[in-house]
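Q: Please take a close look at the aromatic rings in this structure. Then describe the strands, helices and charged side chains that go with them.

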Amino acid sequence: LHSLGEHRDAGAAVSQYFGVGLQQYHALAQALSVLRPQARPLRILDFACGFGRALRFLTFTAPGHTLHASEIQAEALDFIRDSLGIETILSTPDPVDFSPPGKYDFIWVVSLFSHLPDTLFSGWLQRLADLLTDEGLLCFSVRGASQLAGGRELPADGILYERASEISPLDADIYGTAYVSDDYVAQKIRSAGE
């Protein structure tokens, strides 16, 4: 629906949706190749997965791996479970309450950290890092300062949070639009690793 709202054409919206899914899959596969030389089945979590843009492709190319999908929108998880046959885990507003079964070798997070206020950015980064195996890999995306429109700049703390997003049913206090600096992200990663 978001793609349709942007493009105002069903064909363009479908093409854009699956095109982005394929781009995400290629990026995911490249990151996953870092772990594949171990020649063992991996536990993979697609966190904040929406309706499974990347999972649609991963299900056909990751035989032997254990795939889990997590999302805060229950209807998205119903679709993933029923259509893709992937085990799902309902996410929570508070990272402390998120308790999936076991740890993961690979956690993929597209377009969550680009929507979180500072406290949740830190909280989710720490929680997901805690869910990694000793040799696990966490990959996530953010919106950088270069994506700010109209010559706007980030505040001194390195994060600008706006209480609006493309998913209107979600509470704007926990899911909006965030822009961050490289230094901000690096500091949060260091803190999560301590």
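A: Phe-113, Phe-121, Phe-140 and Tyr-184 form one aromatic cluster. The model is a predicted one, and a search of the whole structure finds 10 aromatic pairs in it. Phe-51 and Phe-79 make up one of these pairs, with ring centres 6.0 Å apart and 55° between the planes, and this pair is tilted. An angle of 55° between the planes is called tilted because it is neither under 30 degrees, which would count as stacked, nor over 60, which would count as edge-to-face. The two residues come from distant parts of the chain: Phe-51 is in the loop between β1 and α3 (55-61), whereas Phe-79 is in helix α4, and 28 residues separate them. Phe-51 is partly exposed at 34% relative accessibility, and Phe-79 is also partly exposed, with a relative accessible area of 28%. Phe-106 and Trp-108 form another pair, with centres 6.2 Å apart; their planes are at 20°, so this pair is stacked. Are Phe-106 and Trp-108 buried or exposed? Both are buried.

The next step is the sheet. Five strands form an open sheet in the order β3-β2-β1-β4-β5, and the pairing is parallel. Its edge strands are β3 and β5, each of which pairs on one side only. From one strand to the next, the twist averages 20°. As a general point, side chains in a regular strand alternate between the two faces of the sheet.

Two of the strand pairings can be followed residue by residue. Strand β1 (residues 43-47) is joined to β2 by five bridges, and these strands run parallel. Phe-47 has Ser-70 in β2 as its bridge partner. On to the next pairing: strand β2 (residues 66-71) is joined to strand β3 (residues 87-90) by four bridges, again in parallel. Here Glu-71 stands opposite Leu-90 in β3.

How does the chain get from β2 to β3? Together with α4, these two strands make a right-handed β-α-β unit. Helix α4, where Phe-79 is found, lies across β2 and β3 and runs at about 170° to β3. Another helix, α5 (residues 118-130), packs on the sheet and touches β1, β4 (104-109) and β5; the direction of α5 makes about 140° with that of β5.

The charged side chains come last. How many salt bridges are there? The count is five. One of them lies within α4, where Arg-81 bonds to Asp-78 as a salt bridge with the closest N and O atoms 3.3 Å apart. Both residues belong to helix α4 (residues 74-84) and are three residues apart, about one turn of the helix. Arg-81 is partly exposed, with a relative accessible area of 40%, and Asp-78 is partly exposed at 34%.

Another salt bridge brings together the side chains of Glu-162 and Arg-152, at 2.3 Å from N to O. This pair links distant parts of the chain: Glu-162 sits in strand β6 (residues 159-162), while Arg-152 sits in the loop between β5 (132-140) and β6, 10 residues away. Glu-162 has a relative accessible area of 24% and is partly exposed; Arg-152, at 40%, is partly exposed as well.

Arg-163 and Asp-173 also meet through their side chains in a salt bridge, at 2.7 Å from N to O. Both Arg-163 and Asp-173 are in the loop between β6 and β7 (177-180), 10 residues apart, and their pair is again a link between distant parts of the chain. Which of these two counts as exposed, and which as partly exposed? Arg-163 has 53% relative accessibility and therefore counts as exposed, for which the value must be over 50%. Asp-173 has a relative accessible area of 48% and is partly exposed. Finally, Asp-78, Arg-81 and Asp-82 are joined into one network by salt bridges that share partners.

Note on methods: Residues are numbered from 1 along each chain as its sequence is written. This is a predicted model: local features need pLDDT of at least 70, side-chain atom pairs count only at pLDDT 80 or more; totals for chains, interfaces and linings use all residues. Side-chain values use heavy atoms; hydrogens and water are left out. A salt bridge is a side-chain nitrogen of Lys or Arg within 4 Å of a carboxyl oxygen of Asp or Glu. Buried means under 20% relative accessible area, exposed over 50%, partly exposed in between (1.4 Å probe, protein chains only). Two strands pair if DSSP finds at least two bridges between them. A crossover is right-handed if, with the strands pointing away from the viewer, the path from the first strand over the helix to the second runs clockwise. Axes are lines fitted to C-alpha atoms, for helices over the stretch in contact, and angles run from 0 to 180 degrees between N-to-C directions. Contact means heavy atoms within 4.5 Å. Rings of Phe, Tyr and Trp (its six-membered ring) pair if their centres lie within 6.5 Å; planes under 30 degrees apart count as stacked, over 60 as edge-to-face and the rest as tilted.
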